[in-house]
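Let us test some labels against their cut-offs. Each answer sets a value beside a rule and then concludes.

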Amino acid sequence: MAKFVLAGKANCPYFAKAELLADLLQRSLPKFSIHKICMHPNEWQQWLETTCKENGWQHDHSPMIWRELIDRGGKGMLLGAFSDFLEHVQAYYGITSDMTTELMMKIATENLQTRELCMKEEVYHQSLIKPLHIWISSALNPTCYILIPQLFAPGVFRDAPTISLHLLDVGAIEEELQGVRMETEDLALPQLHKVTIYTELDQAFQQAHFIILLDDSWPEDREGGGEDEEESKVRKVSERYQQYGRLIDERAHKNVAVIVAGNSLVNLKCSLLLENAPSVDSGRFVGMATQLEYEARAHIAQKLSVKTADVTDVIVWGNISGSSHVDLQRAKVYRYEGAIWGPSDFSQPVLKMIYDRKWLQSDFLNLVSSQRATVASKSQRATAISATNGIIAVLKAWNCNSSAEEVLSLGILSTGQYNLPAGVVFSMPVSFQDGRWSVLSDVIIGDEKRAKLQIAADQLREEKDLASRTRKDTA
């Protein structure tokens with residue numbers, strides 16, 4: 001079987017002449033096969049350069065013809081242009097071409113018209129697909145690797161027919177991102193429309209419906225310098241998240257939902273986004289405190305000898321990655337083997353089941369605050385699984401797949417709730433209904449708790465002031 005490939009520009013007369021000759025050969029010879037690649041003139045040059053580079057060929061004009069030798073263990077043998085193909089055909093098959101110049105030009109014109117019509121049809125069919133655009137920053141972060149398949153789990157984006165996944169990691173090695181893209185495509189997820197990767201911000205957050213920001217550090221963080229370490233971190237975060245905010249404001253869907261995750265300066269990052277995206281509703285930006293909330297639930301569950309899922313309604317106040325306060329006043333435990341038993345939906349207050357107040361006031365808080373460091377030291381990697389779980393919980397709630405009774409802790413812009421300072425991103429308890437969150441209004445704040453929240457508020461103001469100073473110093 002003689003297998004040939006004919007590629008060329010749609011408006012090339014010699015492509016038309018080679019095409020007609022190849023059709024004649026295919027009709028006349030049972031063991032002759034031709035595959036045609038008709039390119040629009042605007043697409044041809046880039047395609048030609050890429051194909052020649054991949055195959056180690058040298059060719060610079062239309063058409064280009066080669067013989068496939070895959071069945072003989074080879075990639076392909078370049079014949080050349082039309083004249084080379086004609087010479088080959090005359091020598092092997094004794095067939096020639098007598099097409100007139102007028103006919104060549106006519107067919108070339110028809111080829112171009114047909115190609116442009118096909119391109120218009122393709123654009124039209126693509127326009128009928130309305131995918132949900134999800135962007136993930138720091139896409140080489142271990143959390144992203146675990147998060148991607150979970151995004152397509154039942155109940156996360158149940159109303160989205162297709163999802164376009166955009167993986168962004170500024171300054172990363174493109175080959176590494178290509179690996180993540182390829183592995184994501186290997187999952188064969190029915191809901192996945194397309195995966196694209198980016199190492200620059202030039203297209204960041206275009207048409208975004210959901211944005212998940214995982215940035216915690218950048219390669220330059222490891223570089224030495226005279227700047228104070230904390231000040232350097234705040235300056236870099238400030239620069240990056242101001243950029244993110246402006247790009248989200250310009251390019252994202254106006255009803256975009258943004259989740260800020262990570263282990264450092266979560267509240268500050270969320271605050272910087274809000275300041276630089278004024279046209280987006282402030283309620284669409286949240287800092288993720290659910291990971292910290294679940295870590296607290298796990299330690300309570302261990303203390304009470306129940307599963308983590310049996311502990312609910314734990315509240316995290318304050319600075320998510322700094323001075324935070326775990327509040328158990330609404331916390332409930334199910335299926336606890338105590339003096340009182342009930343059906344599966346029967347719960348009891350956690351504070352009434354734990355009598356060891358010393359443990360609650362010291363050991364418990366220390367265990368929660370050191371949980372991620374402990375896990376990381378044992379596993380020698382970041383706590384990506386629990387981070388993913390926290391993100392998924394927020395996404396499910398945002399997509400109307402959680403109970404209105406469920407309590408989540410999120411870093412949100414304070415408007416003075418509970419007499420907290422307005423204008424600061426502060427973690428507080430919320431519930432979701434119809435895809436929108438609202439702050440719980442029936443939580444009691446005593447004097448002791450208020451003092452702790454004030455410490456967190458002061459710390460958050462200091463972070464904002466430091467970010468402001470570093471911006472002025474670099475201006």
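A residue is called buried when its relative accessible area is under 20%. The model here is predicted.

Q: Why is Cys144 called buried?
A: Its relative accessibility is 0%. The cut-off is under 20%. Therefore Cys144 counts as buried.

Q: Why does Cys12 count as buried or exposed?
A: Cys12 has 8% relative accessibility. Buried means under 20%, so Cys12 counts as buried.

Q: How many disulfides does a search of the whole structure find?
A: The search finds 0 disulfides.

Q: Why does Cys12 not form a bond with Cys38?
A: A disulfide needs two cysteine sulfur atoms within 2.5 Å. The closest cysteine sulfur to that of Cys12 is in Cys38, 9.8 Å away, so it is too far for a bond.

Q: What rules out a bond for the sulfur of Cys144?
A: The closest cysteine sulfur is in Cys270, at 20 Å. The limit is 2.5 Å. Therefore Cys270 is too far for a bond with Cys144.

Q: What makes Trp317 and Tyr418 an aromatic pair, and which kind is it?
A: Ring centres must lie within 6.5 Å. Those of Trp317 and Tyr418 are 5.2 Å apart. Planes over 60 degrees apart count as edge-to-face. The angle here is 85 degrees, and the pair is edge-to-face.

Q: Which parts does the pair of Trp317 and Tyr418 tie together?
A: Trp317 lies in strand 12, and Tyr418 in the loop between strand 16 and strand 17, so the pair ties together parts 101 residues apart in sequence. Both Trp317 and Tyr418 are buried.

Technical notes:
Residues are numbered from 1 along each chain as its sequence is written. This is a predicted model: local features need pLDDT of at least 70, side-chain atom pairs count only at pLDDT 80 or more; totals for chains, interfaces and linings use all residues. Side-chain values use heavy atoms; hydrogens and water are left out. Rings of Phe, Tyr and Trp (its six-membered ring) pair if their centres lie within 6.5 Å; planes under 30 degrees apart count as stacked, over 60 as edge-to-face and the rest as tilted. Helices (H or I, at least four residues) and strands (E, at least two) are DSSP runs, numbered from the N terminus. Buried means under 20% relative accessible area, exposed over 50%, partly exposed in between (1.4 Å probe, protein chains only).
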